[in-house]
Amino acid sequence: LLKERSSEVDCFSKIHQLPYGFFADTKVGSLVAKVKRFSTGYMLLDLHLTRGLFESLILLSSTVIVVSFISKLLAIIFIIWGILYFGLILSAVNWKMRLDLEKVRADSLATGILADSITNFLAVKIFSREKTELGFFSEISEEVVKRTKISWFSSTLINAFQSLLVGCISV
């Protein structure tokens, strides 16, 4: 939680150092969403690295050390499997990251449209733009839902693939 707050303060500081033109060309809601996602993203990355990747590396290393006393061939098989496992998982994560970036862009745009519409409610009311605003928001909301489903499906595929690899070495 402290890391997340520290990241938010860093983002806040950096944003206020940007020139006026940046703020004129960027939706306020989108900025708020990006700052929140940025700080949360670093916290999640730290969590996954420390609990997932390092835990797997320690487990694999200790297994190779113990098995090497019993059979050098089996230890070599574990090493090859480990290299294959981490290589495939890193490739899958890169693929997933591209999909998640598309989802985040759509979500930031939706948040920006929502915040700007609410912030400019007076102009929306005066110029009778409710239907137009609703159309913009509905369209981007559908895109967010689509991208979120793709992201969830890709996460399920990666988890299934990872379980398959772990199941193979367990046999």
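**Salt bridges on and between helices H4 and H6**

Glu102, Glu143 and Arg147 are joined in a network of salt bridges, a salt bridge being a side-chain nitrogen of Lys or Arg within 4 Å of a carboxyl oxygen of Asp or Glu. The model is predicted, so local features need pLDDT of at least 70 and side-chain atom pairs count only at pLDDT 80 or more, while totals for chains, interfaces and linings use all residues. Residues are numbered from 1 along each chain as its sequence is written, and side-chain values use heavy atoms, with hydrogens and water left out.

Within the network, Glu102 forms a salt bridge with Arg147, and their closest N and O atoms are 2.7 Å apart. This pair links distant parts of the chain: Glu102 belongs to helix H4 and Arg147 to helix H6 (residues 130-170), with their positions 45 residues apart in the numbering. Helices here are DSSP runs (H or I, at least four residues), as strands are (E, at least two), numbered from the N terminus. Arg147 also forms a salt bridge with Glu143, where the closest N and O atoms are 2.8 Å apart. Glu143 and Arg147 both lie in helix H6, 4 residues apart, which is about one turn of the helix.

Both acidic partners of Arg147 can be placed by accessibility. Glu102 is partly exposed, with a relative accessible area of 32%, and Glu143 is also partly exposed, at 26%. Buried means under 20% relative accessible area, exposed means over 50%, and partly exposed is in between (1.4 Å probe, protein chains only).

A search of the whole structure finds 3 salt bridges. One of them pairs Asp100 with Lys96, with the closest N and O atoms 2.7 Å apart. Because Asp100 and Lys96 are 4 residues apart in helix H4 (residues 72-119), about one helical turn separates them. Asp100 is partly exposed at 23% relative accessible area, whereas Lys96 is buried at 12%.

The two helices also pack together. H4 and H6 meet at an angle of about 165 degrees, and their axes are 9 Å apart. Axes are lines fitted to C-alpha atoms, for helices over the stretch in contact, and angles run from 0 to 180 degrees between N-to-C directions. H4 and H6 are therefore roughly antiparallel, a term for angles over 145 degrees (under 35 is roughly parallel, 65 to 115 roughly perpendicular, the rest oblique).
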